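Reader: Before we discuss any of the labels, could you show me the model and then explain, step by step, what each label rests on?

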Amino acid sequence: MRSDPLYMLLSRVHDTYRALLTPKPWRVEIDRFESLGTRTATAPEHQDWVRRYRDASAQVAVCRLLEVTGPAPSAEEQRIIDLHDRATRPESGLPLA
């Protein structure tokens with residue numbers, strides 16, 4: 001996907017990667033779900049956490065579009081960009097989280 005070289009290096013160094021499409025819970029003032037202990041997805045505590053997280057996340061963007069460079073994306077690349085942008089809302093004007 002022609003990722004940022006620094007991102008690729010950090011991914012190798014940390015042996016992990018994460019495409020951040022949603023804010024980290026503490027950035028929207030929601031406790032980490034792990035602090036609630038082990039629950040099933042149907043547990044009321046889990047459903048409450050998901051509701052609170054979604055409500056808080058709806059008020060923020062995850063990234064901001066700074067500039068577009070390089071050649072126009074292919075149709076497949078544009079579908080990936082569109083998916084990313086729907087999730088992260090880079091041009092929404094919402095505060096960043």
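**Reasoning from values to labels**

Author: Ser57 lies in helix α2, and the model in which we are looking at Ser57 is a predicted one.

Reader: Why is Ser57 called buried?

Author: The relative accessibility of Ser57 is 9%, and a residue is called buried when that value is under 20%, so Ser57 meets the criterion and counts as buried. Leaving aside its neighbours within four places in sequence, Ser57 is in contact with Pro23, Val28 and Arg89.

Reader: How do you know on which side of α2 the buried residues lie?

Author: The buried residues of α2 are His46, Trp49, Val50, Tyr53, Ala56 and Ser57. Around the helix axis they cover an arc of only 135°, which puts them on the same side of α2. On the other side of α2, Pro44 and Arg54 are exposed, a label that calls for a relative accessible area over 50%.

Reader: What makes the length of α2 agree with what its residues should span?

Author: At 1.5 Å a residue, the 14 residues of α2 should span 20 Å, the expected span being 1.5 Å times one less than the number of residues. The end C-alpha atoms of α2 are 20 Å apart, which agrees with that expectation.

Reader: Where is Lys24 found, and why is Lys24 called partly exposed?

Author: Lys24 is found in the loop between α1, residues 5–14, and α2, residues 44–57. Its relative accessibility is 26%, and since partly exposed covers the range between the buried limit of 20% and the exposed limit of 50%, Lys24 counts as partly exposed. The C-alpha atoms of Lys24 and Ser57 are separated by 9.1 Å, although the two residues are 33 apart along the chain.

Reader: What makes the pair of Asp31 and Arg52 a salt bridge?

Author: The closest N and O atoms of Asp31 and Arg52 are 3.3 Å apart, and the cut-off for a side-chain nitrogen of Arg and a carboxyl oxygen of Asp is 4 Å, so the pair qualifies as a salt bridge. Asp31 lies in the loop between α1 and α2 whereas Arg52 lies in helix α2, so the pair ties together parts that are 21 residues apart in sequence. Asp31 is partly exposed, with a relative accessible area of 30%, and Arg52 is also partly exposed, with a relative accessible area of 26%.

Reader: Which other residue forms a salt bridge with Arg52, and how are the two placed along the helix?

Author: Arg52 forms a salt bridge with Asp48 as well, the closest N and O atoms being 3.1 Å apart, which again falls within the 4 Å cut-off. Arg52 and Asp48 are four residues apart in helix α2, so about one helical turn separates them. Asp48, at 30% relative accessibility, counts as partly exposed.

Reader: What makes Arg51 and Asp55 a salt bridge?

Author: In the pair formed by Arg51 and Asp55 the closest N and O atoms are 3.5 Å apart, and because this too is within 4 Å, the pair counts as a salt bridge. These residues are four apart in helix α2, and about one helical turn separates them. Arg51 is partly exposed at 44% relative accessibility, and Asp55 is partly exposed at 45%. The structure holds four salt bridges, and Asp31, Asp48, Arg51, Arg52 and Asp55 are linked in a network of salt bridges.

Reader: Why is α1 said to lie largely in the open?

Author: Of the ten residues of α1, the number buried is one, so the helix lies largely in the open. Leu9 has its place in helix α1 and counts as partly exposed at 41% relative accessibility. Together with Leu6, Leu10 and Val13, Leu9 makes a nonpolar surface patch of about 370 Å². Just after α1 comes Asp15, whose phi is positive, near 55°.

Reader: How many helices and strands are there, and what share of the residues is buried?

Author: The protein has three helices and zero strands, and its elements run α-α-α from the N terminus on. Buried residues make up 20% of the 97 residues. Among contacts between residues at least 6 apart in sequence, 68% join residues at least 24 apart.

Key. Residues numbered from 1 in each chain as written. Predicted model: local features only at pLDDT ≥ 70, side-chain atom pairs only at ≥ 80, totals over all residues. Heavy atoms only, no water. Buried < 20%, exposed > 50% of the residue type's maximum accessible area, 1.4 Å probe, protein only. Arc of directions from axis to C-beta. Patch = residues over 30% accessible without salt bridge, like charges linked within 9 Å, V, L, I, M, F, W, Y side chains within 5 Å. Areas by Shrake-Rupley, 256 points an atom, 1.4 Å probe, with all protein chains shown as cover. Contact = heavy atoms within 4.5 Å.
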